[in-house]
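Subject: Structure for you to look at

Hello,

Here is the structure I said I would pass on. Please open it and keep it beside this message while you read.

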Amino acid sequence: LATIRASTWALSNLLKKIDKFFMTVVELIPILAKLLNCTNAEVLSDTCVALQHISKQEKLIPSIIEFK
């Protein structure tokens with residue numbers, strides 16, 4: 001669990017500079033979607049922050065919506 005927490009935190013911080021790695025971000029959406037099922041509050045919080053950073057980029061919103 002500690003590794004998942006640290007990884008999620010790192011992802012949320014990396015995604016602050018999202019415009020520099022568009023394709024990588026699109027590939028991370030399925031991982032973030034899985035992390036939304038975690039019951040740990042820290043993981044959920046960091047996952048939501050990461051998704052917030054992604055949603056700031058209008059060109060990525062369709063990728064989030066289309067993910068199933």
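A polar contact is a pair of N or O atoms within 3.5 Å; within protein, one must be able to donate a hydrogen and the other to accept it, and residues adjacent in sequence count only if both atoms are side-chain atoms. One such pair sits at the start of H3, where a side-chain oxygen of Asn40 comes to within 2.9 Å of the backbone nitrogen of Glu42.

Some ground rules come next. This is a predicted model, in which local features need pLDDT of at least 70 and side-chain atom pairs count only at pLDDT 80 or more, while totals for chains, interfaces and linings use all residues. Residues are numbered from 1 along each chain as its sequence is written, and side-chain values use heavy atoms, with hydrogens and water left out.

The pLDDT (the predictor's confidence in each residue, from 0 to 100) averages 82 over the protein, and 88% of the residues score at least 70. Among the elements, H3 has the highest mean, 89, and helix H4 (residues 61-66) the lowest, 79. Helices are DSSP runs of H or I with at least four residues, numbered from the N terminus.

Now H3 itself. Helix H3 covers residues 41-55. Its buried residues (under 20% relative accessible area, with exposed meaning over 50%, 1.4 Å probe, protein chains only) are Val43, Asp46, Thr47, Ala50, His53 and Ile54. Seen down the axis of H3, these fall within an arc of 120° (taken from the directions from the helix axis to the C-beta atoms), so they line one face of the helix.

In H1, the buried residues are Thr8, Leu11 and Ser12. They also line one face, because they fall within an arc of 95° down the axis of H1. The face turned away from them carries the exposed residues Ala2, Thr3 and Trp9.

Which residues does Ser12 contact, leaving aside its neighbours within four places in sequence? They are Asp46, Val49, Ala50 and His53 (contact means heavy atoms within 4.5 Å). Ser12 has 4% relative accessibility, so it counts as buried. Ala50 touches Ser12, Leu15 and Leu32, again without residues up to four places away.

Last, the largest nonpolar core (buried Ala, Val, Leu, Ile, Met, Phe, Trp, Tyr and Cys residues joined through side-chain atoms within 4.5 Å) has 12 residues, including Leu11, Leu15, Leu32 and Ala50. Helix H2 (22-35) and H3 each supply at least two of them, and H2 gives the most, with five.

Regards

Conventions
Helices (H or I, at least four residues) and strands (E, at least two) are DSSP runs, numbered from the N terminus. The expected span of a helix is 1.5 Å times one less than its number of residues.
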